[in-house]
Amino acid sequence: MKSLEEANRYFGGDQYAVVTTGIKIEAVDDDYAKCSLKIEKKHFNAANHVMGGAIFTLADFVFAVATNTPQQHVVTATSQITYLSIPKGDTLFAESQLIKSGKTLLTMQINISDNLGTKIAVVMMSGMKI
């Protein structure tokens, strides 16, 4: 998707990522997306830190926004997340980087950081174009 308006229209109905979790699309382009998540108490685990699942949801949504359009649907084939640090700031940002796009498979790296520049996680995701 090339426009932020188009992406928000297309993904606005994502009940889990957008409505429940609160992820916002910040920027889009072909094979690219940047999203943010304002950290709230609902994202905390029993140890009072941001739950790893919330961080992974942010990465998964960025992957979806970067790869899906009304003309192309991509489903996750594999994913691997490496957690680097707990967030120090109050907002998470995830940004996609296309590694390779083939006829049916594509691979992306998703970098997650917070608003203070802390590197939170790196996610490698491969998807199948269906």
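E5 and E6 form a hairpin with four residues between them, and Gly 117, which sits in the turn, has a positive phi of about 90°. Helices (H or I, at least four residues) and strands (E, at least two) are DSSP runs, numbered from the N terminus. The model is a predicted one, where local features need pLDDT of at least 70, side-chain atom pairs count only at pLDDT 80 or more, and totals for chains, interfaces and linings use all residues. Residues are numbered from 1 along each chain as its sequence is written, and side-chain values use heavy atoms, with hydrogens and water left out.

Back to the hairpin. E5 is joined to strand E6 (residues 119-129) by nine bridges, and the two run antiparallel. Two strands count as paired if DSSP finds at least two bridges between them. Across this pairing, Met 108 stands opposite Met 125 in E6, and Ile 112 has Ala 121 in E6 as its bridge partner.

On its other pairing, E5 meets strand E4 (residues 91-101), again antiparallel, through nine bridges. E4 and E5 form a hairpin too, this one with three residues between the strands. Here Lys 100 has Thr 107 in E5 as its bridge partner.

What about the two faces of E5? In a regular strand the side chains alternate between the two faces of the sheet. Strand E5 (residues 105-114) has Leu 106, Met 108, Ile 110, Ile 112 and Asp 114 on its covered face, while Leu 105, Thr 107, Gln 109, Asn 111 and Ser 113 make up the uncovered one. So Met 108, the partner facing Met 125 in E6, belongs to the covered face, and Thr 107, the partner of Lys 100, belongs to the uncovered face.Zooming out, six strands form an open sheet in the order E1-E2-E4-E5-E6-E3, with antiparallel pairing. At its edges lie strand E1 (23-29) and strand E3 (74-83), each of which pairs on one side only. From one strand to the next, the twist averages 20°, an angle taken between axes, which are lines fitted to C-alpha atoms (for helices over the stretch in contact), with angles running from 0 to 180 degrees between N-to-C directions.

At the E1 end, E1 and E2 pair over six bridges in the antiparallel sense. Val 28 has Ala 33 in E2 as its bridge partner. The hairpin of these two strands has two residues between them, and there Asp 31 takes a positive phi near 55°. Asp 31 does this although it is not a glycine, and its place is the loop between E1 and strand E2 (32-38). Asp 31 counts as partly exposed because its relative accessibility is 31%; buried means under 20% relative accessible area, exposed over 50%, and partly exposed in between (1.4 Å probe, protein chains only). E2 is also joined to E4, by five bridges, and the two run antiparallel. In that pairing, Ser 36 stands opposite Phe 93 in E4.

Asn 48 is another residue with a positive phi, about 70°, although it is not a glycine. Asn 48 is found in the loop between E2 and helix H3 (52-67), and at 44% relative accessibility it counts as partly exposed. Gly 22 belongs to the loop between helix H2 (15-21) and E1. With a relative accessible area of 22%, Gly 22 is partly exposed as well. Gly 22 and Leu 92 are 70 residues apart along the chain, and their C-alpha atoms are separated by 11 Å.

Next comes the inside. The largest nonpolar core has 32 residues, and of these Ile 110 and Ile 112 touch the most other members. A nonpolar core is a set of buried Ala, Val, Leu, Ile, Met, Phe, Trp, Tyr and Cys residues joined through side-chain atoms within 4.5 Å. Helix H1 (4-11), E1, E2, H3, E4, E5 and E6 each give two or more residues to this core. The largest share, 10 residues, comes from H3. Both Ile 110 and Ile 112 are on the covered face of E5.

The surface has a nonpolar patch too, formed by Val 75, Leu 105, Met 128 and Ile 130, with about 360 Å² of accessible area together. Accessible areas come from the Shrake-Rupley method with a 1.4 Å probe, and for residues only the protein chains shown count as cover. Patches are made of residues with over 30% relative accessible area and no salt bridge, where like charges are joined within 9 Å and nonpolar side chains (Val, Leu, Ile, Met, Phe, Trp, Tyr) within 5 Å. A salt bridge is a side-chain nitrogen of Lys or Arg within 4 Å of a carboxyl oxygen of Asp or Glu. In this patch, Met 128 lies in strand E6 and, at 40% relative accessibility, counts as partly exposed. Leu 105 is on the uncovered face of E5.
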